[in-house]
Amino acid sequence: MRQLFQNLIGNALKFHRPDVPPLIQVTAHIVTKNVKPKEYVIEITDNGVGFDEKYLDRIFAVFQRLHGRDQYEGTGIGLAVCRKIVERHNGTITATSTPGKGSKFIVTFPIKAIKQEKPYDN
Ligand SMILES: Nc1ncnc2c1ncn2[C@@H]1O[C@H](COP(=O)(O)OP(=O)(O)OP(=O)(O)O)[C@@H](O)[C@H]1O
Ligand SMILES: [Mg+2]
């Protein structure tokens with residue numbers, strides 16, 4: 001989980017617009033309507049450079065980057081690792097973006113029913 005948030009928040013900071021201070025919002029809520037099982041929805045929203053949504057699939061693949069290495073450092077591994085982490089927890093990850101305005105990364109995790117602990121019988 002730490003690696004997931006580190007890369008998403010790290011990207012939101014890294015891909016800021018040169019003349020605009022970065023503003024990053026992290027929210028979480030539970031969705032119960034029309035989904036089974038219920039899920040957590042976590043959203044990381046930034047006001048950075050954004051990207052063209054037609055490349056959405058590409059950014060979650062290893063070594064795929066939409067911005068030049070000379071402008072923003074990185075290897076293009078972060079989001080591929082994020083996707084692996086999320087999938088391991090039966091969740092999903094996607095994003096929406098408007099170039100020049102910002103991006104929103106959306107992570108969901110199913111909420112499993114919490115098993116009732118067996119009471120101790122001494
Ligand atoms: N918040 C964002 N705003 C704009 N573009 C983004 C954002 N997050 C990711 N991207 C685009 O998706 C690409 C892939 O992201 P990813 O985190 O996998 O790689 P990276 O940050 O470039 O390198 P690494 O995470 O390995 O240091 C980025 O290079 C960038 O082009
Ligand atoms: Mg990254």
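How much space lies in the largest pocket? In this predicted model, the largest pocket holds about 380 Å³ of space, and the space in question is the one taken by ligand 1. The pocket and the ligand can therefore be read together, beginning with the walls and moving inward, since rolling a probe the size of a water molecule over the atoms shows where empty space is left.

The lining of the largest pocket is made up of 24 residues, and those lying nearest its centre are Asn 11, Phe 15, Ile 59, His 67 and Leu 79. Helix 1, strand 2 (39–46), helix 3 and strand 4 each supply at least two residues of this lining, with helix 1 giving the most, namely 5 residues. Sorted by class, the lining of the largest pocket has 11 nonpolar, 10 polar and 3 charged residues.

Turning from the pocket to its occupant, one finds 21 residues around ligand 1, of which Asn 11, Lys 14, Arg 65, His 67 and Leu 79 come nearest. In this shell, helix 1 (2–14), helix 3 (78–88) and strand 4 (102–110) each supply at least two residues, and helix 1 again gives the most, here with 4 residues. The shell around ligand 1 divides into 8 nonpolar, 10 polar and 3 charged residues.

Several polar side chains can be followed to individual atoms of the ligand. A polar side-chain atom of Asn 11, a residue that is also among those nearest the centre of the pocket, lies 2.8 Å from an oxygen atom of ligand 1, and an N or O atom in the side chain of Lys 14 is likewise 2.8 Å from an oxygen atom of the ligand. Asp 46, by contrast, is paired with a nitrogen atom of ligand 1, from which a polar atom of its side chain lies 2.9 Å away. Of the 590 Å² of accessible area that ligand 1 has on its own, the protein covers 94%.

Two features of the backbone also deserve a careful look, given that most residues other than glycine have a negative phi, and most peptide bonds are trans. The peptide bond that joins Lys 36 and Pro 37 is cis, with omega at about -5°, and Pro 37 has its place in the loop between strand 1 (24–31) and strand 2. Phe 63, a residue other than glycine, has a positive phi near 65°, and Phe 63 belongs to the loop that runs between helix 2 (56–59) and helix 3.

Conventions: Residues numbered from 1 in each chain as written. Chains lettered and ligands numbered in written order. Predicted model: local features only at pLDDT ≥ 70, side-chain atom pairs only at ≥ 80, totals over all residues. Heavy atoms only, no water. Near = heavy atom within 4 Å. Polar contact = N/O pair within 3.5 Å; in protein donor to acceptor, adjacent residues only side chain to side chain. Areas by Shrake-Rupley, 256 points an atom, 1.4 Å probe, with all protein chains shown as cover. 1 Å grid on protein atoms, 1.4 Å probe; cavity = no way out; pocket = protein on both sides within 12 Å on 5 of 7 lines; lining within 4 Å. Sits in = over half its atoms within 2 Å of the grid points. Nonpolar A, V, L, I, M, F, W, Y, C, P; charged D, E, K, R; others polar. Points joined across faces, edges and corners; volume = space filled by probe spheres on them.
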